[in-house]
Every structure is written in structure tokens, then in C-alpha cells.
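Trainee: Hey, got a minute to go through this model with me? I'd like to start with the helices.
Mentor: Sure, pull it up.

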Amino acid sequence: MFYMIVGEDRPGSLAERLAARPAHVERLQALQAEGRLLLAGPCPAIDSPDPGPAGFTGSLIVAEFASLEAARTWADADPYVAAGVYAGVSVKPFRKVLPA
């Protein structure tokens, strides 16, 4: 089943985000290589694909896991969590309907 993982950035965490990004992306690439990643990306703080110093407000990941517990365990091990980028993370089941 798919699960959506939503991380909400802590204000002023852009430097930590940029430092932890390579390790964060590496984990996402592993999910993609396993065919389990539906989508992933950050939420810019302003209406721009490159928000510069405005930074980001969070991230969205939708990926396949064996269970809600497995998705939460994976999310808890994210480098952004370890670096203090996220103020909080929510994990919920997700049912893809469209596109079919």
C-alpha cells in the first residue's frame, strides 16, 4: 500500500536542510530503484520553483511500504529528522486513484 509522508520544516532550518539533502535524496533514490516511490519533493516557501533564501515549508513523499508501521519507521530514520529540519512528520495511508 502507498503511504504519504509529510514533513513540516522548522522555521529557519534551510541550512540544515541543504546539509542533509544528499543523504535524504539517496534514501529516496533507493525507494525509486526498488519501484516503491510514487513521488517526492519539497514545498517551496514562496511561489517559485527555486525559493532561494526563503527556503521550504516541508516535503511530501508518497511511497509503497508493507505497513503503516514500516512507513513510520522509514520516516523516523530520515536524515531531515536527524538534522532537526522537520518540526513534525505525519504518515498516512494513501490510495492512488488518478491518473489510472
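Trainee: So how many residues does helix H1 have, and how far does it reach?
Mentor: Helix H1 covers residues 14-33, so that's 20 residues, reaching 27 Å from first C-alpha to last, close to the expected 28 Å. The expected span is 1.5 Å times one less than the number of residues. Helices (H or I, at least four residues) and strands (E, at least two) are DSSP runs, numbered from the N terminus. Keep in mind this is a predicted model, where local features need pLDDT of at least 70 and side-chain atom pairs count only at pLDDT 80 or more, while totals for chains, interfaces and linings use all residues. Residues are numbered from 1 along each chain as its sequence is written, and side-chain values use heavy atoms, leaving out hydrogens and water.
Trainee: Where is the kink in H1?
Mentor: At Arg21, shortly before the proline Pro22, and the kink is about 50°. The bend at a residue is the angle between axes fitted to the seven residues ending there and the seven starting there.
Trainee: Which residues of H1 are buried?
Mentor: Arg17, Ala20, His24, Arg27, Leu28 and Leu31. Buried means under 20% relative accessible area, exposed over 50%, partly exposed in between, with a 1.4 Å probe and protein chains only.
Trainee: OK, switching to the sheet. What's the strand order?
Mentor: Four strands make an open sheet, E2-E3-E1-E4, with antiparallel pairing. E2 and E4 are at the edges with a single partner strand each, so one side of each has no neighbour in the sheet. Two strands pair if DSSP finds at least two bridges between them.
Trainee: And how many bridges join E2 and E3?
Mentor: Seven, in the antiparallel sense. Leu39 stands opposite Val62 in E3.
Trainee: What about Ser59, is that one buried or exposed?
Mentor: Buried, with a relative accessible area of 4%. Ser59 sits in strand E3, residues 56-64.
Trainee: Which side chains does the Ser59 side chain make polar contacts with?
Mentor: One is Arg17, at 2.9 Å, and another is Tyr86, at 3.1 Å. A polar contact is a pair of N or O atoms within 3.5 Å; within protein, one must be able to donate a hydrogen and the other to accept it, and residues adjacent in sequence count only if both atoms are side-chain atoms. Remember Arg17 is also on the buried list for H1.
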